[in-house]
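Thanks for making the time this morning; I would like to walk you through two places in one structure, a helix and then a single arginine. Please have the sequence and the model open as we go.

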Amino acid sequence: MTAKRSIYITTPIYYVNDTPHIGHAYTTLACDALARFHRLDGHDVLFLTGTDEHGQKVEKSAAKTGLDPLAFCDKVSANFRELTRAMKFSNDDFIRTTEERHVRSVTALWTKLVERGAIYLGSYAGWYAVRDEAFYAEDETTLNDAGQRIGPTGAPVEWVEEPSYFFKLSAFKDRLLELYAKHPEFVRPETRYNEVVSFVKSGLRDLSVSRTSFTWGIPVPGDPKHVMYVWLDALTNYVSALGYPDTQNAQFRKFWPATAQLMGKDILRFHAVYWPAFLMAADIDVPRQIFAHGWWTREGQKISKSLGNVIDPFELVAKYGLDAVRYFLLREVPLGQDGDFSHQAIVLRMNADLANAFGNLAQRTLSLIQKNAAGAVPKPGARTADDDALLANAHALLPAMRTSIDTCAPHAALSQFMALVYDANKYVDVQAPWALAKTHPARGHTVLWVLAEVVRHLAILAQPFMPDAGAKMLEQLAIASDARDFTRLTPEYAMRPGIALNKPEGVFPRYVDQPPAR
Ligand code: ME8
């Protein structure tokens with residue numbers, strides 16, 4: 001056991017201009033695996049996701065559909081909620097920036113920034129990309145082949161000239177650099193940390209934080225011609241969900257500063273530079289970690305609606321099953337790196353790792369117990385060095401996976417998990433319990449007991465990543481639902497001889513069709 005901690009994990013809040021695709025599902029999935037792991041490990045967890053509903057981009061998307069912006073937001077936000085159900089995300093809250101609790105919170109934050117002298121009125125003249133909801137300096141833009149001016153992400157920019165409130169970002173350069181220097185873990189992975197530090201070192205310009213040319217946003221207190229810049233509005237969600245400005249309430253005190261805020265590398269700068277500067281200016285603690293993961297790509301191109309190459313997570317789940325999709329996304333690519341999506345790769349993972357290795361281990365163990373031990377946990381006799389070695393590996397798995405999870409490395413946790421699966425399968429092959437049943441039945445029972453105990457460990461540890469499969473396996477092992485957390489991963493709770501097991505059933509189907517070529 002480790003000491004009980006309060007852990008707050010957040011996803012970005014997604015723009016409602018888009019139906020959810022695999023990229024959105026990915027960030028929330030990674031957070032879900034971390035959140036589930038920490039809960040089973042005995043910690044108090046708050047896991048937040050939601051939707052980002054204001055701004056010019058959403059206003060334009062709503063106008064295209066003919067719906068008023070809020071009706072449009074209700075509709076698209078519901079798709080993101082539906083995704084949380086389809087992927088079995090265990091978020092404790094779902095925040096929408098059009099909710100009253102959020103508007104109240106952002107308004108209070110703005111007022112605080114004004115009181116602290118961090119906001120002043122000026123006028124903005126420069127380039128703006130609606131697609132990115134971002135301002136760009138002239139030298140960050142280029143002309144594309146069609147002669148159109150674009151920002152560094154390829155999004156078209158337009159010239160904006162209007163009165164605007166500014167946030168004194170330039171005044172926070174030294175404090176930000178001090179934060180990064182003192183807490184290198186503030187931005188992870190390391191490559192992203194280096195990018196952020198060099199960006200800030202190169203100098204910060206004050207940030208335009210209000211707009212007057214459209215109305216879909218939170219009005220600036222005392223000057224309602226202006227609506228707040230959508231990023232100031234959106235970033236505040238992480239504290240509005242905790243009841244900011246009431247920083248003395250139990251929720252805020254317990255969960256702020258956030259433990260890990262995850263997002264794609266596309267929006268790292270907003271989270272690792274602007275966000276802590278806003279917080280410092282408002283005298284709020286900064287989060288402990290900003291973690292930027294990589295992109296899912298197709299043939300090297302980022303998966304995104306604007307490129308028209310999206311993968312629909314609902315379709316994937318329908319095709320391959322939830323656990324296979326979750327396992328693939330988490331195992332295939334280290335969180336932090338880019339990964340090219342392919343159907344072949346999912347099929348390979350689900351057949352090789354899940355059906356042939358993990359599923360097969362559980363299935364063999366449980367069917368042999370049915371056949372050779374009358375369907376009840378066999379009584380172990382004296383253990384050999386091989387038995388002890390495998391059990392020791394099983395006992396070492398939780399601490400190893402915990403270290404990986406604490407560094408936001410679910411792929412590493414799953415690779416450690418699979419290493420035990422492979423060890424256990426090797427053990428089955430070497431021990432050959434089906435042969436022992438005929439020659440040395442007592443020894444055969446010991447081997448089956450060891451295997452059942454190892455499968456119990458695996459099933460318990462599979463739950464954060466593959467909640468359905470974990471639960472089904474634990475059901476077959478007749479482990480009560482209140483005996484499935486990580487405190488049970490000790491010899492004290494080992495499989496008790498004589499307990500009748502449930503009927504073994506395959507948990508991981510093999511995918512037999514030809515996967516789609518693209
Ligand atoms: O940026 N690969 O919202 P958004 C991996 N509303 N992850 C991807 C991805 C891909 N190809 N495509 C999208 C916004 N994502 C703002 C955020 S937070 C205060 C406001 C994921 O709908 C990834 O997490 O454009 C990325 O950062 C996010 O979706 C962008 O979502």
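When I say that two residues are in contact, I mean that they have heavy atoms within 4.5 Å of each other. Please also keep in mind that what we are looking at is a predicted model.

Let me begin with helix α11, which covers residues 313-320 and in which Pro-313, Leu-316, Val-317 and Tyr-320 are buried. These four cover an arc of only 95° around the axis, which puts them on the same side of α11. As a general matter, an α-helix has 3.6 residues a turn, so residues three or four places apart point the same way. And what does the buried side pack against? The buried residues of α11 pack against α1 (22-40), α3 (69-86), α12 (322-332) and α13 (343-372), while the face turned away from that buried side carries Glu-315 and Ala-318, which are exposed.

As for the two ends, at the start of α11 a side-chain oxygen of Asp-312 comes to within 2.8 Å of the backbone nitrogen of Phe-314, and the helix is followed by Gly-321, which has a positive phi, near 95°.

Now to the arginine, Arg-484, which sits in the segment after α18 (467-476). Is Arg-484 buried or exposed? With a relative accessible area of 11%, Arg-484 falls under the 20% cut-off and is therefore buried. Its side chain reaches the backbone oxygen of Ala-480 at 3.4 Å, and, once neighbours within four places in sequence are left aside, Arg-484 is in contact with Leu-40, Ile-460, Gln-463, Ala-471, Leu-474, Glu-475 and Ile-479.

Terms used: Residues numbered from 1 in each chain as written. Predicted model: local features only at pLDDT ≥ 70, side-chain atom pairs only at ≥ 80, totals over all residues. Heavy atoms only, no water. Buried < 20%, exposed > 50% of the residue type's maximum accessible area, 1.4 Å probe, protein only. Arc of directions from axis to C-beta. Polar contact = N/O pair within 3.5 Å; in protein donor to acceptor, adjacent residues only side chain to side chain.
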